[in-house]
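I sat down with this one to see how the chain is put together, and jotted things down as I went. Here is what I had open.

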Amino acid sequence: MAMGTVTRQPVVITVSGSAQTRSHLARILRPAGFRVIERSDATQIASLALHEPSLVVLDASESLVRTLGDCRMLVLASQAPVLVLLGTASERAEVMCFNAGAADVVLARASAALLLARARAAIGQAKPFMNSSELSVGPLRLERWSRRL
């Protein structure tokens, strides 16, 4: 590493109504080098985006409908990928999460190794987009910060 270069610890925001789930996620993510910010709900989504997270983990175990709304809002407010934890396996629920903008969906009872692998993959896939000021597809250009097409 070059002298004077500071490496920013990736920030993961975990959102769950369950203190036990937030604590469980923190015990997995912190030793892996993530700075974890725990929230009991996503009511102030704009303030969550101010933390410039590398990833947001939403727990859908209690309310899939609320989580889908939170996911849609986070996708609009932040460049961070959203990983949704589902309480039970359901193809319909997974499809709904992806349609709401989730980058990935994992069962809440997944192993620590799988959760970390999926989190790292979601962050890695988002990096090219998070670091650029615009997204181009063919003749279309979307300016990231102003959200102008």
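My entries follow, from the overall layout down to single residues.

**Overall layout**

I noted at the outset that this is a predicted model. I counted elements and got 5 helices and 7 strands in the chain. Reading from the N terminus, I wrote the order down as β-α-β-α-β-α-β-α-β-α-β-β. Then I looked up burial: 38% of the 149 residues are buried. I also checked how far contacts reach along the chain. Of those between residues at least 6 apart in sequence, 58% join residues at least 24 apart.

**The sheet**

Next I traced the 5-stranded sheet, which is open, with its strands in the order E2-E1-E3-E4-E5 and paired in parallel. Which strands stand at the edges? They are E2 (35–39) and E5 (104–107); each has a single partner strand, so one side of each has no neighbour in the sheet. I took the twist as well: ignoring direction, neighbouring strands here are turned by 20° against each other on average.

I then went through the pairing of E1 with E2. The two run parallel and are joined by 5 bridges. Going along the register, I found Val-11 opposite Arg-35 in E2, and Val-12 opposite Val-36 in E2.

**Strand E1**

How many residues of E1 are buried? I get 5 of 5, so I put E1 down as mostly covered. Side chains in a regular strand alternate between the two faces of the sheet, and I wanted to see how that plays out here. Val-11, Ile-13 and Val-15 sit on one side of E1, Val-12 and Thr-14 on the other, and all of them are buried, so both faces are covered.

I picked Thr-14 for a closer look; it belongs to E1 (residues 11–15). Its relative accessible area is 0%, which makes Thr-14 buried. Beyond its neighbours within four places in sequence, Thr-14 is in contact with Arg-22, Leu-25, Leu-29, Val-36, Ile-37, Glu-38, Arg-39 and Val-57. Three of those names, Arg-22, Leu-25 and Leu-29, came up again when I listed the buried residues of H1.

**Helix H1**

H1 covers residues 19–29, and its buried residues are Arg-22, Leu-25, Ala-26, Ile-28 and Leu-29. Why do they end up on the same side of H1? Their arc around the axis is only 160°, and that puts them there. An α-helix has 3.6 residues a turn, so residues three or four places apart point the same way. On the face of H1 turned away from the buried side, I found the exposed residues Gln-20 and Arg-27.

**Helix H3**

I did the same for H3 (residues 64–77). With 14 residues, H3 reaches 20 Å from first C-alpha to last, close to the 20 Å expected at 1.5 Å a residue. Buried in H3 are Thr-67, Leu-68, Asp-70, Cys-71 and Leu-74. Looking down the axis of H3, I see the buried residues fall within an arc of 165°, so they line one face. Val-65 and Leu-76 are exposed, on the face turned away from the buried side of H3. As for packing, H3 lies across E3 (55–59) and E4 (82–86), and runs at about 165° to E3.

**Leu-48**

Leu-48 is in H2 (residues 45–49). Buried or exposed? Leu-48 is buried, at a relative accessible area of 3%. Setting aside neighbours within four places in sequence, I listed its contacts: Leu-48 touches Ile-13, Val-15, Arg-39, Ala-42, Pro-53 and Leu-74. Among them, Ile-13 and Val-15 belong to one side of E1, and Leu-74 is one of the buried residues of H3. I also noted that Leu-48 and Ser-78, 30 residues apart in sequence, are 8.3 Å apart in space, C-alpha to C-alpha.

**Cysteines**

Last, I searched the whole structure for disulfides and found 0. For Cys-71, which is in no disulfide, the nearest cysteine sulfur is that of Cys-97, 6.8 Å away. That distance is too far for a bond, given a cut-off of 2.5 Å between sulfur atoms. Cys-71 counts as buried at 1% relative accessibility, and Cys-97 is buried with a relative accessible area of 1%.

Definitions and conventions. Residues numbered from 1 in each chain as written. Predicted model: local features only at pLDDT ≥ 70, side-chain atom pairs only at ≥ 80, totals over all residues. Heavy atoms only, no water. Helix = DSSP H or I, 4+ residues; strand = E, 2+ residues; numbered from the N terminus. Expected span 1.5 Å × (residues − 1). Buried < 20%, exposed > 50% of the residue type's maximum accessible area, 1.4 Å probe, protein only. Arc of directions from axis to C-beta. Contact = heavy atoms within 4.5 Å. Pairing = 2+ DSSP bridges. Axes fitted to C-alpha atoms, helices over the stretch in contact; angles between N-to-C directions.
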